[in-house]
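Trainee: Take me through the place where the two chains meet, please, and go slowly over the charged pairs there. I'd like a picture I can follow while turning the model on screen.

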Amino acid sequence: MGQHSKHIDNLFKDELGAYAETPPPMAWDALEKRLDKLPPRGAAINPGKALYLVMVTSLLLLSVSVAKKLYVDHMAYLSSDVSTINLPVKGNNPAAGRPVSEAAGTQIADKSIAGSLNNNPDKNQIKNNITDQAIPGNSNSGNKKALQVYKKMTGIKGLKKDAYATTSKSNAQAGGSGNEKELADNQEIHEYNSSRSTGDAEQSLADNKTKDNINDKQKPGPAPDKPKTDNATAKLTGKPKPSKPRFIRFEAGIKAGYETGFNTTTANKLVVSPYVQYNITPKFSIMIQPAIKKGTLQTSSIGKAQNYYKENNDSSISSPVKDPYIVHVPGVGDFNKWDFTYHQSYDSIVKSYSFGGGYTEYELPVLIKYNIAHGISVYGGVNLVYNNYLKVKENTYSSTQQKNDTSQYVLQAIEITTPPSPQLNVNQVLKYTGNEISNYKYPFPPVPASSFRAGYMVGFSYEYQKRWLVDGLMQQTQAPANMQGGYNINSALSSTYFRFTLGYKLIK
Amino acid sequence: MAEAINIHAPFRVTERSTSAVHSELSMLIKDCIAQSRSAQKKLYDIYAPAAYGVIKRYLYKDETLAQEILNDSFYKVLTKLDQYTFQGAFEGWIRRIVINTITDHLRKNIKEDQPHKEVQPEDAYVQSDSLEKITHKELLGVIQTIPDTQRTVFNLFVFENYSHKEIGDILGINENNSRWHLNDARKRLKEKLNLILK
């Protein structure tokens with residue numbers, strides 16, 4: 001017995017190179033359990049979804065902060081109204097921080113003093129006395145004291161009443177000379193108080209400016225500031241006059257751009273979207289941005305192609321032809337071989353399926369927009385979309401009049417000279433792959449012709465030169481799964497899409 | 001004997017063309033990507049035995065680890081099918097994933113030790129009159145007797161046709177050490193085989 005020699009590498013390679021072993025069934029069970037934990041296709045967190053989560057969270061936080069700011073501003077506005085309106089009313093005014101009567105009294109006293117100085121020959125004496133009494137406190141009580149001292153020394157009675165009447169008159173006359181008077185009074189009082197606070201009340205009282213101011217009451221004064229007019233109106237009516245907004249309420253324009261997704265099942269869309277925006281505040285607005293989108297989805301084959309046949313009515317069997325050779329069947333004997341030819345033509349039909357192509361989509365998003373910086377805004381909201389469902393297209397390839405010629409033979413004992421009859425009929429001999437076309441049924445269930453879908457939309461907008469808009473947004477809507485041939489043909493509808501548009505403000 | 005004998009000739013021989021097989025594979029892969037469980041099972045049934053055979057060459061005795069690696073490998077295959085570009089044989093793509101999974105597991109046990117002096121065996125041939133009688137199981141048993149590093153290097157060099165540089169890169173060892181491990185593996189295998197064949 002001769003010895004075989006083999007390189008050790010080749011020995012193993014030859015014997016184990018194609019080694020295969022069926023894994024135990026539990027291996028598949030374990031894998032299947034693991035696969036079951038996988039999220040549905042497309043549901044895994046991808047960068048797009050992560051971005052969406054970040055944007056939605058940011059928008060939510062932004063909305064909360066905006067709402068909070070609006071609330072705080074509103075409360076502050078109400079507070080300021082209360083103090084303005086109640087100012088001339090007698091009684092305590094907590095909002096003003098001191099008794100209103102006292103505050104009004106201060107004005108009256110100061111004004112009365114100042115007003116009477118011009119007419120009093122002994123004003124220096126009076127001034128001195130007032131200063132001595134009023135300066136130490138430099139307060140409202142000081143003013144009162146000053147008034148009392150002045151009244152006592154001058155013997156003027158009814159001054160307070162007159163002064164009060166003057167003030168009331170000025171309050172009663174909203175705008176015009178009344179306002180001017182009030183303005184002048186306030187100016188005078190302010191200057192008087194200011195001069196007292198410097199510790200030089202005597203100089204301030206003697207100041208010609210004060211006199212001039214007092215004299216100015218007789219002249220047409222400068223136009224009062226707008227807020228003071230508003231305040232005066234508010235004082236008259238008891239209600240704040242709604243302030244005129246200093247920003248544009250309505251904006252409108254049009255945007256156009258391109259929308260796409262980041263996987264192979266998404267469509268590419270051309271988008272045209274007009275928009276209307278209502279600005280609630282300079283920063284906060286509501287926007288409706290309807291869009292018409294023309295989408296194109298790559299055509300893909302789905303399911304398996306199916307073969308069918310259709311027999312034609314031209315079947316025939318040829319006359320038997322004796323083969324020149326004798327067939328010897330061991331143990332049985334010799335036979336003549338008679339050949340028959342079976343003929344039939346047929347149509348070969350292949351059915352395949354695909355989906356894709358163009359479709360139109362309409363959407364109506366309602367968005368809340370917030371201006372985060374000069375020209376830069378973020379927005380987000382709900383989106384209602386309508387489009388025709390994508391349908392599976394049936395493709396038929398048909399090849400007609402194919403020949404099916406098949407030979408069949410019969411062995412017959414050599415002593416029999418009469419040709420035999422065919423032993424099998426056409427249907428037994430001629431066979432076809434696939435199914436008879438009469439068995440064909442459209443393999444995919446019908447789907448609804450159209451549907452509405454809801455989803456979300458988040459994005460940002462950059463405004464350039466007050467007219468041009470550059471927008472980037474992300475949106476997704478949910479469409480029910482429509483499995484056709486093992487493939488969800490609605491995945492294109494429920495995918496995440498990203499849009500880039502350029503816009504122009506038509507109304508601003 | 002006057003009766004006729006009917007002999008049915010074969011009507012049609014159906015041969016599946018390469019394109020038909022390719023088309024069928026494409027459909028199967030597409031179904032797997034769509035997470036059709038029946039398609040995944042079909043793909044597993046077709047390719048798992050060969051993959052398991054490869055794994056068993058590395059880990060014949062450790063059935064649990066072999067199944068774990070098979071599980072990991074096919075999990076990767078089924079979740080990364082969308083990355084298969086239909087360039088090259090699908091079997092090769094799966095095999096590469098399996099080999100990578102194996103080496104990922106085994107790399108932990110392979111430590112780069114001191115540089116080995118290259119040893120060239122005097123004779124890498126096995127001589128016996130009963131070479132043909134040796135069974136797969138015996139060969140798998142023999143290959144499991146050598147150390148992990150030598151076995152891995154031997155497998156990668158002989159069965160996967162990797163060069164020593166590639167083996168060095170995969171296992172994180174020196175190229176010369178890869179040579180040494182291969183020769184050491186041959187030497188050990190030869191000794192074991194001679195014992196069996198005697």
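Mentor: Let's start with chain A, which has 13 helices and 16 strands (both are DSSP runs numbered from the N terminus: H or I over at least four residues for a helix, E over at least two for a strand). Bear in mind that this is a predicted model, where local features need pLDDT of at least 70 and side-chain atom pairs count only at pLDDT 80 or more, while totals for chains, interfaces and linings use all residues. Residues are numbered from 1 along each chain as its sequence is written, chains are lettered from A and ligands numbered from 1 in the order in which they are written, and side-chain values use heavy atoms, with hydrogens and water left out.

Chain A has 508 residues, and 37% of them count as buried (buried is under 20% relative accessible area, exposed is over 50%, partly exposed is in between, with a 1.4 Å probe and protein chains only). Chain A exposes about 28,300 Å², and 57% of that comes from carbon and sulfur atoms (areas are from the Shrake-Rupley method with a 1.4 Å probe; for residues, only the protein chains shown count as cover). If you look at its contacts between residues at least 6 apart in sequence, 73% join residues at least 24 apart; a contact means heavy atoms within 4.5 Å.

Now the meeting place itself. On the chain A side, 60 residues are in contact with 62 residues of chain B. Together the two chains bury about 5,700 Å², with 63% of it on carbon and sulfur atoms; that figure is the accessible area (1.4 Å probe) the two parts lose on being put together, summed over both.

There are four salt bridges between chain A and chain B, a salt bridge being a side-chain nitrogen of Lys or Arg within 4 Å of a carboxyl oxygen of Asp or Glu. Between these chains you also get 10 residue pairs in polar contact, both at pLDDT 80 or more (that's a pair of N or O atoms within 3.5 Å; within protein, one must be able to donate a hydrogen and the other to accept it, and residues adjacent in sequence count only if both atoms are side-chain atoms). Which parts of chain A do the touching? At least two residues each come from strand E1 (4–7), helix H1 (8–16), helix H2 (25–36), strand E5 (291–311), strand E8 (333–373), strand E10 (392–413) and helix H12 (426–429). H2(A) gives the largest share, nine residues. Sorted by class, this side of chain A has 30 nonpolar, 18 polar and 12 charged residues, where Ala, Val, Leu, Ile, Met, Phe, Trp, Tyr, Cys and Pro count as nonpolar, Asp, Glu, Lys and Arg as charged, and the others, Gly among them, as polar.

On to the charged pairs. B:Arg186 and A:Asp9 meet through their side chains in a salt bridge, 2.5 Å from N to O. B:Arg186 sits in helix H8 (residues 175–197) of chain B and A:Asp9 in helix H1 of chain A, so this pair joins two chains. Both ends are tucked away: B:Arg186 is buried at a relative accessible area of 12%, and A:Asp9 is buried at 9%.

Next, B:Asp72 forms a salt bridge with A:Arg34, with 2.7 Å between the closest N and O atoms. That one crosses from helix H3 (residues 63–79) of chain B to helix H2 of chain A. A:Arg34 is partly exposed, at 29%. There's also a salt bridge between the side chains of B:Arg37 and A:Asp36, at 2.5 Å from N to O.

For context, the whole structure has 24 salt bridges over all chains. One of them is inside chain B, where B:Arg57 pairs with B:Glu160 at 3.1 Å between the closest N and O atoms. B:Arg57 lies in helix H2 (residues 37–58) of chain B and B:Glu160 in the loop between H6 and H7, so the pair ties together parts 103 residues apart in sequence. B:Arg57 is buried, at 0% relative accessibility, and B:Glu160 is buried too, at 12%.

B:Arg57 also turns up among the contacts of B:Gln144, along with B:Lys56, B:Tyr58 and others, once neighbours within four places in sequence are set aside. B:Gln144 is in the loop between helix H5 (136–143) and helix H6 (148–158) of chain B, and is buried at 10%.
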